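Biologist: Please take a close look at one chain of this model. I would like its helix packing, its unusual backbone spots and its nonpolar surface in one connected account.

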Amino acid sequence: MLPFHFQVVAALIFAIGALGVMLRRNMIVMFMSIELMLNAANLSLVAFSREIGNDQGQILAFIVMVVAAVEVAVGLAIIISLVRNRDTVNIEDTSQMKW
Amino acid sequence: MTEHENTALRWIPLLPLIAAALSGAWLVFGRRALPRVAVIALACGAPIASFAIAVVQVFKLALETALPPDAPYYSDNLYTWISAGDFHAELAFLLDPLSAVMVLVVTGVGSLIHIYSVGYMDDDHREDRGFQRFFAYLNLFTFSMLMLILGDNLLVMFVGWEGVGVCSYLLIGFWYLDDANAAAGQKAFVVNRIGDFGFLLGIFLLFWSFAQAGLPTVEFREMSANVGLLAERTVALPGWLSFLPGFPTWGLLTLACLCLFVGACGKSAQIPLYVWLPDAMAGPTPVSALIHAATMVTAGVYMVCRMSFAYSLAPGAQATVAWTGALTAFFAATIGLAQTDIKKVLAYSTVSQLGYMFLAAGVAAYSAAIFHVMTHAFFKALLFLGAGSVILGMHHQQDITKMGGLRRRMPVTWATFLVGVIAIAGVPPFSGFFSKDEILLAANQAHAIPGHQALWAIGMATAFLTAFYMFRLYFLVWSGESRADHHTQASIHESGKWVLVPLCVLALFSVIGGFFGLPDAYGDLFGVQRSNSLHHFLQPVVHSAEHEISHATEFRLAALTTCVGLAGIALATVMYFWRRDLAAKLAAAIRPLYALVRDKYRIDELYDAAIVRPLRALSSSLLSRGVDQGLIDGLAVNGTAKLVRASADGALKYLQSGFAQSYLVAMLLGGVLLVAWLVRGS
C-alpha cells in the first residue's frame, strides 16, 4: 500500500472526529471523537515514519498516546464532577461563563 | 592646587543646607518635634558658623599676598555639573570682593535674624510643629541665598535665584491657614516667575552669543574677560517693535542686559513688578526682615553689579536701569506717605530704597549700590525687627493709627528704632546718609545717562519723602498718647532678650556702617588715604564709573542732601508731633489725591482688571471648560472609556457565548487557516 492510502484513511478518520466534536452534544461522545482525531494523527505519523525509515515518528506516536491517556483522565474527572453537580452530559447545558 | 583654590568656601552654603535637611527630615520622618533647644542650636548654629567661616575667608582674601591685589579671588570647584562638547558648567563657588561683601551681610544679618526669630516665634505652638518648620525654611532660604551669591557662573546663581523664590513662597505663606497669607505667597511666587522668565532669556542670550563667538561659557570671570567679543554685535528686532528707539537693530548686550534686568525687577520689586513685596508682609516679621530687607530683594542689585562688565557696554540698558530705579524710588515713597500698617510702610520704603540701589547701578556707581545694599540691610533689618518687637508688644496689632506713646513701655525697642529711622532718613553721620549721598552724587555726575539731572532731582525728592514718612511712622508709633484700647494698653510689654540683642547689634551697625564707605573727600579732611575702603575693595570686580569732582562740590551736594532730609524730618515733626490736627486737615483738603495714594494708586486693581481677570476668564472658559473638561476629560479620558464600553457592548461580548462547541469551531478554523498559510507556497 502506498503512503497516500494511509493518509487518506487518516484524513477521513480525522474529519469524522472533528465533525463529531463539533456536532455532537454528548460530552462522552465528543471525547471519543477527540480520541479519533488523535489516532488519525498517530496513523499519519507512523505511516510517514515507516516510509522515511526514521523512528522519530513512532516515538512521537507514543508520546501522543501518553498525552491522550492523561487528557482522558483529566477530562473524565471533569465530566464526572459535572454529572454529579448538574446531572447532565450535554455540552450546551454548561454555557454559564459568558457575558 | 593653585593659589585661588579654597575648599572652605563650600561650607558656607552647605552648613545651612545640612541644618535645613536634618530639621526637615526630622519633621517628615520623626514621630514628634525635636526639642526646642535642639531646633534652636541647629537653626542658629548653622548660619553663625557660616558667618564665622565667611569672616575668616574674607579677611584672608583681603590680606593674602599670594593673590594679585588688582583682582583677588578664591574659587572652590566641587564638580563639573554639565559637560557637553566644549561647554562645561561647574558647580563652583567664587569669593571675590563683591561676593565677599554680600556674603558677610547675608550671613551676618541673617544670623541676627535667626536669633531674633527664636524670640519672635516662641509663642508658635501649632499642630504642624510650626517652630521647627519655620527654622527649616529659614535655613533653606539662607542656603539658597548663599548659592546665589557665591555661584561662580550664571547657572549656579540661577539655582540660588530659584531657591530663594521657593523659600520666599514657603515663608511668606508660612501661616497658611489664613487664605490671605497663602495668597500673598502665591503672588510673590507668580510675579517672580515673570521676572525669572526674563532672567532666563538673558542667560540664554548671553550663552548663545558667547557660543556664537566661539567661547561657550556662563562663568562670570570668563565672560567678564571676553565681553569684548560681543561689544559690536547687534540683533535685528522684529517689525512690531518698531516704536523702540534704535530700531531696527539693537546691541546684543543691551538686549541681554534688559532681559536680565527684567529678572532683577521681579526679585528686587521694581516697577512694574513691585506689587508682590507689600503683600509679602503677610509672613512672620523675621521673614520680612530677612527676605525683604537684607537678602532676597537685593539679589537683583547684586546680579546687575555682578554683570557690570556687560552693563558698562550697554548704555541703553544702563539708562533703563537708572530710570526704572529712580521712578520706583519716588513712586514707592509717595505710597509710603499714607500707609497705616507698620509693616506696609516699611515695605514701600524697601521698594523705594531698592530703587535707589538700581539708580546707583544704572549710573555705573556699582560700589555705591553695594554700599547701600549693605547699610540698608543694617537699618532696614533693624526697622523690621523693631516693628516685629512692637507687634509682639501690641499683641499682633499692626495698625499705627492704634498705637502711640509706646516709648516708655518699650524703651530698648524705641531707642533702636529711632536709630534706624534716623539712619534711613539720611542724617549724618548715620550709615544711610553716606550710601544715599554717594548714590545721589553719582547720579548728579552721570553725564552719560540722558536726563541725569532729573534723576538726581528725583533722588533728592525721594530723600525728602523718605525722611518725612519714616518720621511720620516714628511719631505715630512712639510719641503722644496711646490710641490702643484699654485691654491692649494694659498688657503692652517690652520683648525678651532674644529679640533685643539682635536689635542692639543692628542699631550699632546702623550707626557705624557708613564708615566702611566714607567718601575720599571726608578722608582727606582727616588725612586718611583711600578712606572709601569699600569702593577700593570692590573696584577690581565692578566697573564703577570714576568721576572727577572737586571736594567743594561734593560737600555742597552732601550739605544739600542733609538739608533735604532734615526738612523732611522737620515737616513730619510739625505735622505729627506739634500740630497733630494738621495731617487730618491736609488729608481732607486734598481728599481725592490722598485717597489715591492711600489706595496705592490702585495699581493692584489695575493689574487685576487688565491681567488677572482676563486670564481668569480665558482660563475658565477656554482652558478649563474647553481644553480640560472638553478635550482632555471629554475626548481623551472619558472618550476612550466610552469607546471601549461601546465596542464591548455592541459586538465583542457576543463572542463569549459560553458554548464550548463554538469555541472549538473557531479553534479548528483557526488551525486550518494557519496550516493553509504555512503551506501556501509549497
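Modeller: What follows goes through chain B, from a covered helix to the loops and then to a surface patch.

The model is predicted. Start with helix H11 of chain B, residues 299-306. H11(B) is mostly covered, with 8 of its 8 residues buried. Those residues are Ala299(B), Gly300(B), Val301(B), Tyr302(B), Met303(B), Val304(B), Cys305(B) and Arg306(B). Arg306(B) is thus listed among the buried residues together with Val301(B) and Val304(B).

Next comes the packing partner. Two packed helices are described by the angle between their axes and the distance between the axes. Helix H8 of chain B spans residues 252-267. The axes of H8(B) and H11(B) come within 7 Å. They cross at roughly 155 degrees. Angles over 145 degrees count as roughly antiparallel, so H8(B) and H11(B) are roughly antiparallel to each other. On the H8(B) side, the contact is made by Leu260(B), Phe261(B), Ala264(B) and Lys267(B). H11(B) contributes Ala299(B), Gly300(B), Met303(B) and Val304(B). These four H11(B) residues also appear in the list of buried residues.

Now the loops. Pro272(B) sits in the loop between H8 and helix H9 (276-279) of chain B. A cis peptide bond joins Ile271(B) to Pro272(B), with omega about 0 degrees. Another cis peptide bond links Pro428(B) and Pro429(B), again with omega about 0 degrees. Pro429(B) belongs to the loop between helix H16 (411-425) and helix H17 (431-445) of chain B.

The loop between helix H15 (366-393) and H16 of chain B holds His395(B). His396(B) is in the loop between H15 and H16 of chain B as well. His395(B) has a positive phi of about 55 degrees, although it is not a glycine. His396(B), also not a glycine, has a positive phi of about 65 degrees. How exposed is His395(B)? Its relative accessibility is 44%, so His395(B) counts as partly exposed. His396(B) is partly exposed too, because its relative accessibility is 44%.

Last, the surface. A nonpolar patch of about 940 Å² lies on chain B. Its members include Ile611(B), Val612(B), Leu615(B), Leu618(B), Leu622(B) and Leu623(B). Val627(B), Leu631(B), Ile632(B), Leu635(B) and Val637(B) belong to the patch too. Leu635(B) is placed in helix H26 of chain B, residues 603-655. With a relative accessible area of 60%, Leu635(B) is exposed. The cut-off for exposed is over 50%.

Definitions and conventions. Residues numbered from 1 in each chain as written. Chains lettered and ligands numbered in written order. Predicted model: local features only at pLDDT ≥ 70, side-chain atom pairs only at ≥ 80, totals over all residues. Heavy atoms only, no water. Patch = residues over 30% accessible without salt bridge, like charges linked within 9 Å, V, L, I, M, F, W, Y side chains within 5 Å. Areas by Shrake-Rupley, 256 points an atom, 1.4 Å probe, with all protein chains shown as cover. Salt bridge = Lys/Arg side-chain N within 4 Å of Asp/Glu carboxyl O. Helix = DSSP H or I, 4+ residues; strand = E, 2+ residues; numbered from the N terminus. Buried < 20%, exposed > 50% of the residue type's maximum accessible area, 1.4 Å probe, protein only. Axes fitted to C-alpha atoms, helices over the stretch in contact; angles between N-to-C directions. Parallel < 35°, antiparallel > 145°, perpendicular 65-115°, else oblique. Contact = heavy atoms within 4.5 Å.
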